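Visitor: I am new here and like to know the reasons behind the words. Could you show me the structure and let me ask as we go?

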Amino acid sequence: MRRALDLARGVLHTTAPNPRVGCVIVRDGQVLGEGATQPPGGPHAEICALRDAAARGVSVAGATFYVTLEPCSHFGRTPPCVDAVVAAAPGRVVVAMGDPNPQVNGAGLARLRAQGIPIATGVCMQEALALNAGFAARMSRGTPWTWVKMAASLDGRSALHNGMSQWITGGEARADGHAWRARADVVLTGMGTVQKDDPRLTVRDVEVPRQPRKAVVDGRLQISEGARLFDGEEVWVFTAHDDPVKAERLARRNARVIVLPSAEPGRVDLPAMMRWMARQHVNEVHVEAGAGLTGALLSSDCVDEILAYIAPVLLGDAAGMVKLPMLSHLDNARRFDFIDVRPVGGDVRLRGRFADRWQALQSAATPR
């Protein structure tokens, strides 16, 4: 199963909106075939593994299939994988996590059981779910899995009062942050960051087969048509201000304006934005924004994880990482579970996750 997970990691950037899946077929400790899900429209992991075995000239009858996700049981861009698995007459099928897609959701496992094929489930489920948290979130709750990337000093400061923030952390941390950009479907920022930094929002420090989509929260539709992020690829601009004339000008820069006003004037309805992105088949969102949008996303319950890079420096009286309402009691604080702490160059990377959101995802992905 760990080999199947490695195969799934190898297609981290190419399967969306489909899940990242690996499959290994084994008999008597010998690998007969293996494969990973190909880009949309291409074969899934099980089919790739079966084709690999056929290319090796070996029969897989009676072998054990290790698959990181429950075999699909419905017609999508490709036929049901479970039919091909059943036809191969395996001796056993081992599955890491269930498929929360309502069109599957246990039906693949039920078909295997109905054919009398022994199955085992839940093997390395946490690792498989971590690879496909976005797919599981979109299928089970209708919103992407979203993390916020921050870079700050030891005293929690992300920029000087004059706006200077480049660079608090070192080159290794910035490259690692780009790797997280690369795995996401969308990189999201706010209008304040566009005005201050004029970012490109592209992945530059790691090689990737495709760039993630770029998106901006711009409540009053103030973005300049000359912003550097308009580089030919489509950009989503979420706003509360309906201005068809400016929307048409932005369309000439390949920007799509989405009007989603909240009850508060000039503010975008952030939960509605997340639901909208899920309907566009977005699995994962990487946020790199200022303290205002970061705080608004947290306050709107639109964040699942924090990805924080902490530099060994003190900035003193400077801008903080996030703007949140003042609390009167510590019981009201938003608390994360640390899931990973590691050095990255001269800095430290912290990952924190809302425990209840992860538990809900585990429940949705538990094999049935």
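Guide: Gladly. This is a predicted model, and a good place to begin is Asp-197, which lies in helix H8, residues 191-197.

Visitor: Why is Asp-197 called partly exposed?

Guide: Partly exposed is the class between under 20% and over 50% relative accessible area. Asp-197 has 30% relative accessibility, so Asp-197 counts as partly exposed.

Visitor: And what makes Gly-292 partly exposed?

Guide: Gly-292, in helix H11 (residues 291-299), has a relative accessible area of 40% and therefore counts as partly exposed. Asp-197 and Gly-292 are among the positions that an unreviewed UniProt entry lists as "binding site". Others in that list include Ala-151, Thr-193 and Gly-290.

Visitor: Which residues does the other "binding site" annotation cover?

Guide: In the unreviewed UniProt entry, that annotation covers His-44, Cys-72 and Cys-81.

Visitor: How do you know that they cluster in space?

Guide: They are spread over 38 residues of sequence, yet the largest C-alpha distance is 9.1 Å.

Visitor: Where is His-44, and which residues does it touch?

Guide: His-44 sits in the loop between strand S2 (30-36) and helix H2 (45-56). Leaving aside residues up to four places away in sequence, His-44 touches Asn-18, Thr-37, Cys-72, Thr-78 and Cys-81.

Visitor: Why is His-44 called buried?

Guide: The cut-off for buried is under 20% relative accessible area. His-44 has 18%, so His-44 is buried.

Visitor: What makes Cys-72 count as buried?

Guide: Cys-72 has 7% relative accessibility and so counts as buried. Cys-72 is in the loop between strand S3 (64-69) and helix H3 (81-87). With residues up to four places away in sequence not counted, its contacts include His-44, Glu-46, Cys-81 and Val-104.

Visitor: Stepping back to the whole chain, how do you know that its radius of gyration agrees with that of a compact globule?

Guide: For 368 residues, a compact globule would have a radius of gyration near 21 Å; the chain has 22 Å, so the two agree. Along its principal axes, the C-alpha trace spans about 65 × 45 × 40 Å.

Visitor: What is the chain built from, and how much of it counts as buried?

Guide: The chain has 12 helices and 16 strands, and 50% of its 368 residues count as buried. Of the contacts with a separation of 6 or more, 71% join residues 24 or more positions apart.

Visitor: How many positive and negative side chains are there?

Guide: There are 43 positive and 38 negative side chains, and the centres of the two sets lie 2 Å apart.

Technical notes. Residues numbered from 1 in each chain as written. Predicted model: local features only at pLDDT ≥ 70, side-chain atom pairs only at ≥ 80, totals over all residues. Heavy atoms only, no water. Helix = DSSP H or I, 4+ residues; strand = E, 2+ residues; numbered from the N terminus. Rg over C-alpha atoms; globule rule 2.2 N^0.38 Å. Buried < 20%, exposed > 50% of the residue type's maximum accessible area, 1.4 Å probe, protein only. Contact = heavy atoms within 4.5 Å. Lys, Arg positive; Asp, Glu negative; His and termini not counted. Charge placed at Lys NZ, Arg CZ, Asp CG, Glu CD. UniProt positions renumbered as here; feature names shortened; annotations may be inferred.
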